[in-house]
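Let's take a walk through this fold, starting with one helix and what packs on it. Have the structure open as you read.

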Amino acid sequence: MSAEDREELLALLERVAGQATGEESIEAYGLDSTETTVRAFGGEVESLSSARSRGVAIRVLRDARIGFAYTADLSEEGLRLALSDARENRAAASPDDANCLPGAGDAGDLPELDAPGFAAVPPARKVELALALEAAARGAGGEVKGVDSAVYADAITTAAIVSTSGIRAAYRRTDAYVFTEVLAERDGAATAAYGLDAARHPDGLDVEAAAAEGARRATRLLGARKPDSRKLPIVLDPFATASLLGVLAGALSAEAAQKGRSMFAGRVGERVGSERVTLVDDGRLLDGPAAAPWDGEGVPTGRTPLIERGELRGFLHNTYTAAREGARSTGNASRSGFMSPPGLAPTNLFLEPGELDEAALLAEAGEAFYVQQIMGVHSGANAISGDISVGAAGLMVRGGALAEPVREATIGGSIPALLEGLREVGSELRFLPFGGGMGGALLLVDGFTLAGS
């Protein structure tokens with residue numbers, strides 16, 4: 001979508017917001033997104049899909065009541081009906097003094113999110129990348145026996161928002177990534193692991209590196225055995241770290257804290273982790289998959305320290321949760337599209353990286369368990385109690401190097417124990433393009449239990 005198209009979308013939203021009457025406030029949010037996915041298998045294109053989603057969401061506020069409606073029909077009649085529905089829904093809603101629309105703020109711009117020439121990339125180039133990814137993974141040799149999936153995916157997204165409270169903004173972002181799951185086999189036993197890469201433009205993707213990563217992670221787990229049960233340090237792989245951050249994110253939501261569903265409720269200003277723990281949410285971090293100049297309500301995004309050198313500094317807020325306690329929104333209103341009202345979620349959440357690369361961190365670990373895969377996070381980790389008991393696979397660490405592989409293991413502990421026992425954070429930060437904005441680094445943590453299952 002060109003600059004002219006963005007202005008056209010903004011003008012459409014202005015016409016909606018301009019229909020406010022009396023004490024009524026209106027917010028109109030528009031989204032235009034085109035997503036393409038190519039799957040390769042056996043040297044051929046298994047599937048190719050491209051879909052465009054366009055729509056407008058409307059919120060109407062009056063007398064502390066708020067109503068929501070949306071439409072994919074962008075004709076004047078379609079927008080009129082959606083506004084009418086939002087007004088009717090407002091009339092039926094319960095009043096809440098925390099219901100409000102944010103005022104205008106200086107969000108600035110992030111032009112780096114929009115890669116020049118992205119829209120001109122032909123489908124043939126995207127197919128080429130998917131096929132090259134699968135070929136590189138299959139050709140890794142050794143004990144690699146196949147590829148379960150090889151995917152190229154991208155999205156071009158334009159978001160815009162206009163409100164009677166003074167907000168008028170739009171931005172465009174482009175995203176591309178490749179993902180492969182590689183299968184390895186030895187003596188009839190199989191393993192699987194994935195590799196990936198992400199960039200703003202397809203030409204920035206490294207399919208060879210993604211394939212090599214999947215092959216390396218799959219083959220090094222071959223021959224794994226159940227471990228002996230004991231207490232020892234663990235080293236969390238960046239992707240395992242990202243999985244556990246998803247649990248921690250739930251506990252750092254102001255909504256969860258206000259409802260008493262967070263282990264950190266009422267503890268702002270207290271020490272909750274070691275000096276190594278600096279946890280940050282940064283919606284303007286360009287390398288993060290959720291980077292944007294403003295959030296789902298038009299509030300400027302920014303860098304929000306949640307835990308700083310072990311001390312709890314605060315929670316993630318949208319406009320509603322901020323109003324409930326006289327705070328300010330941290331720019332964390334989230335939308336899963338135009339068909340839902342703003343919620344609350346992290347943008348790009350990560351532990352501040354340290355100075356040790358992988359070799360140095362493993363040398364520091366002594367004897368430890370390197371966790372490459374975590375299974376059952378959603379059922380085995382609790383954001384309210386903080387307890388963790390999850391399945392894991394990985395490798396032992398001895399003498400500063402990865403040693404024999406381990407499978408069918410369980411690691412047990414808690415989120416508080418992880419934060420208190422965090423000894424080192426690795427220097428490399430990686431985000432999963434589809435991981436909900438969680439950034440992972442290697443972590444060295446004391447105080448966990450490894451058990452054979």
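## What sits on H1

This is a predicted model, so treat everything below as computed from it. A good place to start is the cover over the buried residues of H1: among the elements that provide it are strand S1 (25–41), strand S2 (44–62), helix H2 (76–92), strand S4 (144–163) and strand S5 (168–186).

H1 itself runs over residues 3–17, which makes 15 residues. From first C-alpha to last it reaches 21 Å, close to the 21 Å expected at 1.5 Å a residue. Its buried residues are Leu9, Leu10, Leu12, Leu13, Val16 and Ala17. Look down the axis of H1 and these buried residues fall within an arc of 155 degrees, so they line one face of the helix. Swing round to the face turned away from that buried side and you'll find the exposed residues Glu4 and Glu8.

## H3 and its cover

Helix H3 covers residues 123–138. Its 16 residues should span 22 Å at 1.5 Å a residue, and the end C-alpha atoms are 23 Å apart, which agrees.

Which residues of H3 are buried? They are Lys126, Val127, Leu129, Ala130, Leu133, Glu134, Ala136 and Ala137, so the list takes in a lysine and a glutamate too. The cover over them includes S1, S2, S4, S5 and helix H4 (207–219). Strands S1, S2, S4 and S5 also turn up in the cover of H1.

## Two nonpolar cores

In soluble globular proteins, nonpolar side chains tend to be buried together. Here, the largest nonpolar core has 53 residues, and Leu236, Phe264, Phe369 and Val371 have the most contacts inside it. Helix H5 (residues 238–251) gives the most to this core, with 9 residues.

Zoom in on Phe264: leaving out residues up to four places away in sequence, it touches Leu248, Ala251, Leu252, Val272, Leu312, Phe315, Ile415 and Leu419. A second, separate core has 24 residues, including Val38, Ala130, Ala150 and Ala211. Ala130 is one of the buried residues of H3.

## The whole chain

Zooming out, the protein chain has 10 helices and 20 strands. Its C-alpha atoms fill a box of roughly 75 × 55 × 35 Å along the principal axes. For 453 residues, a compact globule would have a radius of gyration near 22 Å; the chain has 24 Å, which agrees.

Of those 453 residues, 51% count as buried. Among contacts between residues at least 6 apart in sequence, 70% join residues at least 24 apart. The accessible surface comes to about 19100 Å², and 47% of that belongs to carbon and sulfur atoms.

Conventions. Residues numbered from 1 in each chain as written. Predicted model: local features only at pLDDT ≥ 70, side-chain atom pairs only at ≥ 80, totals over all residues. Heavy atoms only, no water. Helix = DSSP H or I, 4+ residues; strand = E, 2+ residues; numbered from the N terminus. Expected span 1.5 Å × (residues − 1). Buried < 20%, exposed > 50% of the residue type's maximum accessible area, 1.4 Å probe, protein only. Arc of directions from axis to C-beta. Contact = heavy atoms within 4.5 Å. Core = buried A, V, L, I, M, F, W, Y, C linked by side-chain atoms within 4.5 Å. Rg over C-alpha atoms; globule rule 2.2 N^0.38 Å. Areas by Shrake-Rupley, 256 points an atom, 1.4 Å probe, with all protein chains shown as cover.
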